[in-house]
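Welcome, and please open the model in your viewer. We will go from one selection to the next, and at each stop I will tell you what is there.

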Amino acid sequence: MSPPTSGPAVAGPSFPGDPVTGELASSAPGPFGPGAEGGRRGQGRLGDRLFGGAALGSGLTVVLLVTLIGVFLVSQALPALARNQANFFTSTEWVVSGDSPRFGIARLLWVTVLSSLMALAIAVPLGMAVALFLTQYAPRWLARPAAGAVDLLAAVPSIVFGLWGLRVLGPLTGGTQDFLRDHLGFIPLFSAGSVSSTTTIFLAGIVLAIMILPIITALSRDVFNQTPTTHKEAALALGATRWEMIRTAVLPFGKPGVISASMLGLGRALGETVAVMMLVSSLPAGSAWSWSLFGGGETFASKIALGAGEFDTPEKTGAYIAAGLVLFVLTFIVNAIARVVIERRKAFTE
Amino acid sequence: MSTVADVLAGADAAPVDLTGRSGTRALRDGLARVLMWTAFAVAVVPLVWILWTVAAEGGRLLIHSTWWTNSQVGVTARRVGGGATHAIQGTLLQAGVTALISVPIGVLTAVYLVEYGRGRVARLVSFMVGILTGVPSIVAGLFIYAVFMTTFGMQRAAIFVCLALTLLMIPTIVRSTEEMLKLVPNDLREASYALGVPKWKTISAVVLPTAFSGIVTGILLGLARIMGETAPLLILGPYTKAITANLFGGNMATLPTMINQDRDQAVTMPAYDRVWAAALTLILLILVLNLLGRVIGPRSKV
């Protein structure tokens with residue numbers, strides 16, 4: 001993570017209306033009148049127009065791309081949704097071929113949300129603690145390499161996480177899963193699921209937690225680092241222990257940052273495809289509904305990836321695109337919350 | 001933001017009683033310290049564990065020269081041998097083409113946001129970059145499929161994988177370049193303007209070179225990220241065992257799809273070892289890019 005700049009994020013380094021940097025320079029005649037050095041200035045203006053145009057064009061390309069994503073997803077999902085014979089939001093069926101397709105996202109939504117929230121429940125406390133360790137506790141010689149090690153975890157591709165979870169971690173969690181099922185089975189979340197092996201939502205939640213840990217740690221670390229030294233020293237001067245200093249100075253200051261980091265982590269977990277696809281067993285069609293962590297199923301993303309072989313007609317593809325659209329909207333909302341929270345904090349600290 | 005005095009007075013958090021028996025306070029402090037150290041240890045465990053597993057399971061094949069020179073043509077899951085040239089080449093080629101498309105767009109967008117952008121348009125662009133950052137990779141792949149395959153009826157090809165990866169790479173480049181350009185001191189720009197240098201020359205000859213190494217670091221880290229992406233490949237880039245360099249037709253192998261191909265093989269199969277070897281090769285490629293980025297980064301002039 002690059003260090004965030006302390007200045008306002010909206011305006012660049014040049015100032016609006018500044019005669020040497022702003023647009024005024026091109027419209028107002030210089031001190032020597034419009035005719036002086038006409039040739040060179042004209043060339044400069046042409047270069048400026050081309051360069052500024054290219055920059056603006058690139059910016060607008062990004063706007064266009066995002067708009068196109070929305071337009072194409074919506075326009076191709078609608079015909080499929082119109083042919084859908086089942087309720088899209090409450091049905092658990094997924095039959096997309098034939099004349100009367102019946103598909104709904106209820107189960108996809110539940111598995112997606114459940115696995116992501118479980119990941120969050122593990123990764124947020126752990127990530128915060130690691131960030132506090134890196135900023136407040138780690139000795140100077142350890143802080144940098146330790147932060148690098150956590151960042152390195154972000155460099156591991158998701159398919160390798162999936163492979164490791166499937167071959168190494170999964171079999172080892174069998175005992176824990178059995179224990180929870182046997183002793184907490186009266187809670188619907190821990191009741192016996194439809195999957196007998198260890199490849200359950202529970203396993204995906206653990207692996208997802210490891211995958212989003214570096215994001216949450218890195219962003220929390222950044223905000224904890226920005227805690228004003230005066231706050232920390234004031235707390236210590238009043239006789240607070242280090243932990244009390246953290247509780248009274250560092251945590252209140254970093255709270256919006258941690259919330260924002262958690263939301264970004266949640267966004268990543270919701271959209272993660274390959275690891276989930278490898279780690280959660282699919283359920284046969286018509287399986288009973290289950291609230292359990294020890295069940296199988298698909299998330300939006302893994303359903304789309306698994307269904308890639310079915311993309312042969314626009315009607316079938318449209319059903320998956322409808323699921324993709326819901327995922328897009330879901331991650332958009334989560335990311336928007338993260339941005340709003342962090343922007344409000346900026347407004348406070350300026 | 002409230003001051004520490006406010007906080008201690010109970011304005012923002014539960015008030016902390018600093019007058020209590022010092023024994024319990026010291027105990028809590030010690031407990032917190034132990035907890036933080038433990039949390040760090042717990043966080044490092046999966047990293048070491050994953051790297052160790054991949055190195056131990058995949059290392060044996062990587063020391064054979066054939067791994068780096070052969071493809072998998074004619075090698076079935078039951079047979080030993082073959083290499084990963086086809087997949088390594090495919091991964092590098094697709095990453096290169098993706099960078100070729102995304103770097104100009106990403107860097108110029110960042111230039112626009114920092115040097116030119118004002119008002120509504122700039123806010124809109126910045127907002128859209130934010131949205132693009134959050135687009136899940138599977139949705140990016142699905143979008144490209146919806147455009148080129150469903151709407152225009154084209155065949156799947158490597159170039160479409162590159163386009164999907166471009167959607168994922170542009171926002172990371174914009175954000176990192178933006179940060180770097182903001183770090184360039186304004187004095188440099190003003191000195192250049194004072195010498196009568198036009199704005200576009202100031203940007204291209206003063207601002208961008210000053211931030212150059214930082215921008216390159218951002219590009220390398222962005223590349224490292226998209227190299228490990230698998231989700232768009234599942235939709236857009238079917239695996240093949242042969243070496244191909246044709247971006248516009250036919251299938252092209254990559255390391256992620258090579259892993260995906262044989263991931264369910266039994267432990268006794270030779271293909272099982274090749275899966276781990278491909279994973280190790282992919283991690284090594286990504287690590288090299290990451291290290292390069294970190295070596296170049298601190299050389300930045302800003």
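Begin in chain B of this predicted model by selecting α5(B) and α7(B), which cross in a left-handed way. Helix α5 covers residues 119–134 of chain B, and its axis lies 8 Å from that of α7(B), at an angle of about 125 degrees. That angle makes α5(B) oblique to α7(B). Now show the side chains: from α5(B), pick B:Val129, B:Leu132 and B:Thr133, which meet B:Leu167, B:Ile170, B:Pro171 and B:Val174 in α7(B). Coloured by class, this contact has 6 nonpolar residues, 1 polar residue and no charged ones.

**Next stop: another partner of α7(B)**

Keep α7(B), residues 158–183, and add helix α10 of chain B, residues 212–227. Their axes are 9 Å apart and the packing angle is about 155 degrees, so α7(B) runs roughly antiparallel to α10(B). The crossing of this pair is right-handed. On the α7(B) side, the residues to highlight include B:Leu165, B:Leu168, B:Met169 and B:Thr172, and further along B:Ile173, B:Ser176, B:Thr177 and B:Met180. Facing them from α10(B) are B:Gly214, B:Ile215, B:Gly218, B:Ile219, B:Gly222, B:Arg225 and B:Ile226. This contact divides into 8 nonpolar, 6 polar and 1 charged residue.

**Step back: chain B as a whole**

Select chain B and switch to a cartoon view. What does its secondary structure come to? You should find 13 helices and 0 strands. Rotate the chain along its principal axes, where the C-alpha trace spans about 75 × 65 × 40 Å. Its radius of gyration is 25 Å, whereas a compact globule of 302 residues would have one near 19 Å.

**Across to chain A**

Now bring chain A into view. How many residues of chain B are in contact with chain A? There are 91, and they touch 87 residues of chain A. Helix α2 of chain B, residues 22–62, gives the most to this side, with 19 residues. By class, the side of chain B that touches chain A has 62 nonpolar, 15 polar and 14 charged residues.

For a closer look at the two chains together, select α2(B) and helix α4 of chain A, residues 140–153. The two helices pack at an angle of about 45 degrees, with 9 Å between their axes, which means that α4(A) is oblique to α2(B). Their crossing is left-handed. Show A:Ala146, A:Ala149, A:Val150, A:Leu152 and A:Leu153 on α4(A), then B:Phe40, B:Ala43, B:Val44, B:Pro46 and B:Leu47 on α2(B). Here the class colours give 10 nonpolar residues, with no polar and no charged ones.

**Last stop: confidence**

Finally, colour chain B by pLDDT. The average is 84, and 91% of the residues score at least 70. Where in chain B is confidence lowest, and where is it highest? Go to helix α1, residues 4–8, for the lowest mean, 48, and to helix α4 of chain B, residues 85–116, for the highest, 92. Then select residues 7–13 of chain B, where pLDDT stays under 50. For that stretch the model has 19 contacts beyond four places in sequence. For the complex, the predictor gives an ipTM of 0.85 and a pTM of 0.83.

How values were computed
Residues are numbered from 1 along each chain as its sequence is written. Chains are lettered from A and ligands numbered from 1 in the order in which they are written. This is a predicted model: local features need pLDDT of at least 70, side-chain atom pairs count only at pLDDT 80 or more; totals for chains, interfaces and linings use all residues. pLDDT is the predictor's confidence in each residue, from 0 to 100. Helices (H or I, at least four residues) and strands (E, at least two) are DSSP runs, numbered from the N terminus. Two residues are in contact if their C-beta atoms, placed from the backbone, lie within 7 Å. Ala, Val, Leu, Ile, Met, Phe, Trp, Tyr, Cys and Pro count as nonpolar, Asp, Glu, Lys and Arg as charged, and the others, Gly among them, as polar. Axes are lines fitted to C-alpha atoms, for helices over the stretch in contact, and angles run from 0 to 180 degrees between N-to-C directions. Angles under 35 degrees count as roughly parallel, over 145 as roughly antiparallel, 65 to 115 as roughly perpendicular and the rest as oblique. A crossing is left-handed if the near helix is turned anticlockwise from the far one by less than a right angle, and right-handed if clockwise. The radius of gyration is taken over C-alpha atoms; the globule rule is 2.2 Å times the number of residues to the power 0.38.
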